[in-house]
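Colleague: I'm new to this one. Could you walk me through it and tell me what stands behind the labels?

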Amino acid sequence: MGQIEFIDLKAQYAAIEGDVQKRMQAIFQSGRFILGPEVEEMEKLLAQYVGSKHGIAVASGTDALLIALMALGIGPGDEVITTPFTFIATVETIVLVGATPVLVDIDPVTYNLDANLLAAAITPRTRAIIPVSLYGQPAQMDEINGIAQQHKLAVIEDAAQSFGATYKGKQSCNLSTIGITSFFPSKPLGCYGDGGAAFTNDDTLATAMREIRVHGQSQRYVHSRIGVGGRMDTLQCAIILAKFPRFAWEVNQRHQLGARYIQLLSQIPGVTPPTILADCTSVFAQFTIRVANRASFVASLTEQGVPTAVHYPIPIHQQPAYTSLVKATTLPHAELAAAQVVSLPMYADMSWEIQDQIVAAVKKAIA
Ligand SMILES: Cc1ncc(COP(=O)(O)O)c(C=O)c1O
């Protein structure tokens, strides 16, 4: 068996190399490394793609979450409801603005926040809900938005893993008050370093996020609010511009590879492939399955040359720095998922031959 990579971006780079180099050269020559014209060009292109009025490029997905929370004026004394089964940045940023994360359990089928548990978690202090569209599949946004509307709460979709996915025909990142994403290199739309974006249809929030991104600056050296140094640099925006013409093809590849993985893996007893709900499409930022005995399963795949990763092995309420900072009741589904999930290699340019090799290795590992 040839070398299998967890995420292989070499074929993608080969396809865009000429354009990337041309764009890099142009920026080296213009010297406009900070907020050059490529930044606005990318913002407009991506906002149009997701269908939102505003797109704001920021330094990372983490900064997008932080800036969104700051723009909403969330701070000490406030509560923000989110999921315990996510990358740490979702909860970290709530703590950084001084608010209290309130964790509700996940739906064990989709791994996304269980909207049925939201109502019971709302208190007079609740200000916002942050659903995460985990592994690339949007959360159940109608139910979440409905509850948020009843209680006048903002909803920030953490779409760090789901740029390109849809919910009821609408693009992820344009499903709530603010949608944020990440351009970390391994994401479905990744740059060659750190990058991220926030999307909204609200003019006031868009202005606030734009200012907060540059130290709260409303005019040069006039700081109208507290901000951060959170710009996305011009070179990284140019990488996204070079990758974008291929993105629709890549999303389609991800749909096909995802469906093929699900079909092949569902024939193997002991393996639970992902479930994509009828009203969603997923971009499979991670292709994550469930097995009962993960340690021996992973050991066997490693031995067979198939790399794996665990997203995520420890739920947030059990993270050492967070146990005393979060408000949480019992979260059995998140805890069981953390013990059983394992992600298989997934990238748009994966061949069926490689995928067949991975599936054969899974069959052997589970036996
Ligand atoms: C769910 C989720 N939220 C937030 C982030 C943070 O994004 P970044 O790594 O660009 O800061 C990530 C990315 O790793 C993520 O997966």
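Modeller: Sure, a definition to start: a residue is buried if 20 or more other C-beta atoms lie within 10 Å of its own, exposed if 12 or fewer, and partly exposed in between, with C-beta atoms placed from the backbone. This is a predicted model, where local features need pLDDT of at least 70, side-chain atom pairs count only at pLDDT 80 or more, and totals for chains, interfaces and linings use all residues. Residues are numbered from 1 along each chain as its sequence is written.

Colleague: Why is Leu264 called partly exposed?

Modeller: Leu264 has 18 C-beta neighbours inside 10 Å, so it counts as partly exposed. You'll find Leu264 in helix 8 (residues 234-265); helices here are DSSP runs of H or I, at least four residues, and strands are runs of E, at least two, numbered from the N terminus.

Colleague: How do you know which domains there are?

Modeller: The bounds come from an automatic or database domain assignment. That gives domain 1 (10-103 + 111-240) and domain 2 (245-366), with C-alpha centres 24 Å apart.

Colleague: What makes residues of domain 1 and domain 2 count as in contact?

Modeller: Their C-beta atoms, placed from the backbone, must lie within 7 Å. By that rule, 30 residues of domain 1 are in contact with 31 residues of domain 2. On the domain 1 side, helix 1 (10-30), helix 4, strand 3 (100-103) and strand 6 (166-167) each supply at least two residues.

Terms used: Two residues are in contact if their C-beta atoms, placed from the backbone, lie within 7 Å.
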